Amino acid sequence: QVQLGESGGGSVQAGGSLRLSCAASGLTLSSYDVGWFRQTPGKEREFVARISWSNSYYTESVKGRFTISRSNAKNTVYLQMNSLKPEDTAVYYCATGRATGLGAVKYDYWGQGTQVTVAS
């Protein structure tokens, strides 16, 4: 059975750091693109970062502050978040992705999310 689980969220002061983890069971993450997304009440889910076999991608608002990485040995993808800002407050989700053949990535499996709160 495929399961994705996020962990590492919490409450920090502005300027602080957190590292989120996305651990998988039932599939091998190295065979997938893995994306991080975030969502707040009343706002649409927002793309944050994605890691593929060849590269990593970030939304402009987190470039230079967030880093996505893999540990294949642990079957885990990480999101290192530095210099956190209040506007980073959200529930963060990870998801596995596959190329659609249409120049896009389709995300198939999603975790339950982990809360990140950044105080001003």
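Me: What makes the charged end of Arg45 count as sitting over the ring of Phe37 in this predicted model?
Reply: Happy to explain! The charged end of Arg45 is 5.7 Å from the centre of the Phe37 ring. The cut-off asks for CZ of Arg within 6 Å of the ring centre and within 35 degrees of the ring normal, so a contact listed this way has met both conditions.

Me: Which other Arg lies over the face of a ring?
Reply: That is Arg19, which lies over the face of Tyr78 at 4.3 Å from the ring centre.

Me: Back to Phe37: is this residue buried or exposed, and how do you know?
Reply: Phe37 has 8% relative accessibility. Buried means under 20%, so Phe37 is buried.

Me: And why is Trp110 called partly exposed?
Reply: Its relative accessible area is 28%. That value falls between the 20% and 50% limits, so Trp110 is partly exposed.

Me: Why is the pair of Phe37 and Trp110 called tilted?
Reply: Good one! The ring centres are 4.9 Å apart, within the 6.5 Å limit, so the rings pair. Their planes stand at 45°, neither under 30 degrees nor over 60, so the pair is tilted.

Me: What parts of the chain does this pair link?
Reply: Distant ones: Phe37 is in strand 4 and Trp110 in strand 10, 73 residues apart. Ring pairs also link Phe37, Phe47, Tyr107 and Trp110 into a cluster.

Me: Now the sheet: what makes strand 7 an edge strand?
Reply: The open sheet has the order 1-3-8-7, and strand 7 (66-71) pairs on one side only. Six bridges join strand 7 to strand 8; at least two are needed, so these strands pair.

Definitions and conventions
Residues are numbered from 1 along each chain as its sequence is written. This is a predicted model: local features need pLDDT of at least 70, side-chain atom pairs count only at pLDDT 80 or more; totals for chains, interfaces and linings use all residues. Side-chain values use heavy atoms; hydrogens and water are left out. Helices (H or I, at least four residues) and strands (E, at least two) are DSSP runs, numbered from the N terminus. Rings of Phe, Tyr and Trp (its six-membered ring) pair if their centres lie within 6.5 Å; planes under 30 degrees apart count as stacked, over 60 as edge-to-face and the rest as tilted. Buried means under 20% relative accessible area, exposed over 50%, partly exposed in between (1.4 Å probe, protein chains only).
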